[in-house]
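Dear colleague,

I am passing on the structure we spoke about, and below it you will find my notes on what came out of the analysis. Please read them with the structure open beside you.

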Amino acid sequence: MSLTEKDKAAVKALWAKISKSADAIGADALSRLLSVYPQTKTYFAHWPDLSPGSASVKNHGKKIMGGVALAVAKIDNLTGGLLELSELHAFKLRVDPANFKLLAHCLLVVISTMFPNDFTPEAHVALDKFLFNVALALSEKYR
Amino acid sequence: MVEWTEQERSIINNIFSNLDYDDIGPKALARCLIVYPWTQRYFASFGNLYNADAIKTNPNIATHGTKVLHGLDRAVKNLDNIKATYAELSVLHSEKLHVDPDNFKLLADCLTIVIAAKLGNAFTPEIQATFQKFLAVVVSALGRQYH
């Protein structure tokens with residue numbers, strides 16, 4: 001399910017509309033991930049406060065969205081563009097790749113709550129495919 | 001047996017009592033067919049599904065979307081017995097409709113996103129967690145009688 005030119009255009013167009021709110025999106029998506037899929041909290045046991053809107057969650061949400069922004073910039077070569085991040089996730093963080101799907105879903109939900117008119121079914125399919133390919137690129141170095 | 005807190009029951013009842021079935025049902029089904037095009041395999045007889053606009057304006061899809069959404073009502077009314085409540089529908093989806101049960105989750109995810117769009121901020125992480133728990137139980141019950 002690789003990205004067509006149409007998909008890439010749709011992702012860039014949506015990103016242009018939502019990127020100003022990237023920090024808020026990241027924080028909300030991460031909060032939801034931890035609430036809706038409590039098993040994901042196991043990766044953050046070292047944080048003092050895992051509640052929605054905590055400083056740790058906000059900071060990390062921002063970091064995650066930095067990664068998404070990078071992926072948008074490197075949309076024509078996700079595997080190459082996200083190589084370093086893949087190595088980080090594979091060798092240091094060792095996040096089970098199943099979780100990428102869960103975070104992707106939470107991102108879609110947040111964008112849907114914040115941008116209901118822009119997050120049309122057409123934008124949704126493009127973004128879903130994009131996040132799927134980002135997850136694939138991030139998993140590249142795992143084994 | 002699935003346990004529901006008073007809070008969860010209240011959240012679920014709230015969502016469904018304020019739901020515009022004729023709006024949300026069609027939107028959720030149309031979104032599923034657009035975002036996961038392979039699901040169109042079950043709707044070959046529904047007319048023009050050629051592109052997103054055709055799907056969004058297809059009256060058969062709209063009617064069916066409303067019907068499917070109302071199918072959740074019986075779960076809302078029987079929270080403590082969802083598995084038994086859906087036994088018959090599970091058999092129907094398996095024996096007659098031949099729907100791959102993986103598709104139930106796809107529709108559930110689209111429904112979550114459509115409701116999120118409707119409720120905005122009011123669709124808090126806690127409400128999302130409860131709603132997704134509810135849908136997961138329904139999805140599981142619908143797949144239960146497959147063999």
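What percentage of the 143 residues of chain A count as buried? Bearing in mind that this is a predicted model, the value computed for chain A is 49%. The exposed area of chain A comes to about 7300 Å², of which carbon and sulfur atoms supply 57%.

As to the fold, chain A has seven helices and zero strands, so that its elements, read from the N terminus, run α-α-α-α-α-α-α. With a radius of gyration of 15 Å, close to the 15 Å that the globule rule gives for 143 residues, chain A is therefore as compact as a globular protein of that length. The C-alpha trace of chain A spans about 40 × 35 × 20 Å along its principal axes, and of the contacts in chain A between residues at least 6 apart in sequence, 73% join residues at least 24 apart.

Turning to the aromatic side chains, there are eight aromatic pairs over all chains, counting rings whose centres lie within 6.5 Å. One of them joins Phe123(B) and Phe131(B), whose ring centres are 6.4 Å apart and whose planes stand at 80°, which is why the pair is classed as edge-to-face. Phe123(B) and Phe131(B) are both buried, and ring pairs link them with Phe16(B) and Phe134(B) into a cluster. Elsewhere in the list of side-chain features, the charged end of Lys133(B) sits over the ring of Trp4(B), at 4.7 Å from the ring centre.

With best wishes

Notes:
Residues are numbered from 1 along each chain as its sequence is written. Chains are lettered from A and ligands numbered from 1 in the order in which they are written. This is a predicted model: local features need pLDDT of at least 70, side-chain atom pairs count only at pLDDT 80 or more; totals for chains, interfaces and linings use all residues. Side-chain values use heavy atoms; hydrogens and water are left out. Rings of Phe, Tyr and Trp (its six-membered ring) pair if their centres lie within 6.5 Å; planes under 30 degrees apart count as stacked, over 60 as edge-to-face and the rest as tilted. Buried means under 20% relative accessible area, exposed over 50%, partly exposed in between (1.4 Å probe, protein chains only). A charge sits over a ring if NZ of Lys or CZ of Arg is within 6 Å of the ring centre and within 35 degrees of the ring normal. Helices (H or I, at least four residues) and strands (E, at least two) are DSSP runs, numbered from the N terminus. The radius of gyration is taken over C-alpha atoms; the globule rule is 2.2 Å times the number of residues to the power 0.38. Contact means heavy atoms within 4.5 Å. Accessible areas come from the Shrake-Rupley method with a 1.4 Å probe; for residues, only the protein chains shown count as cover.
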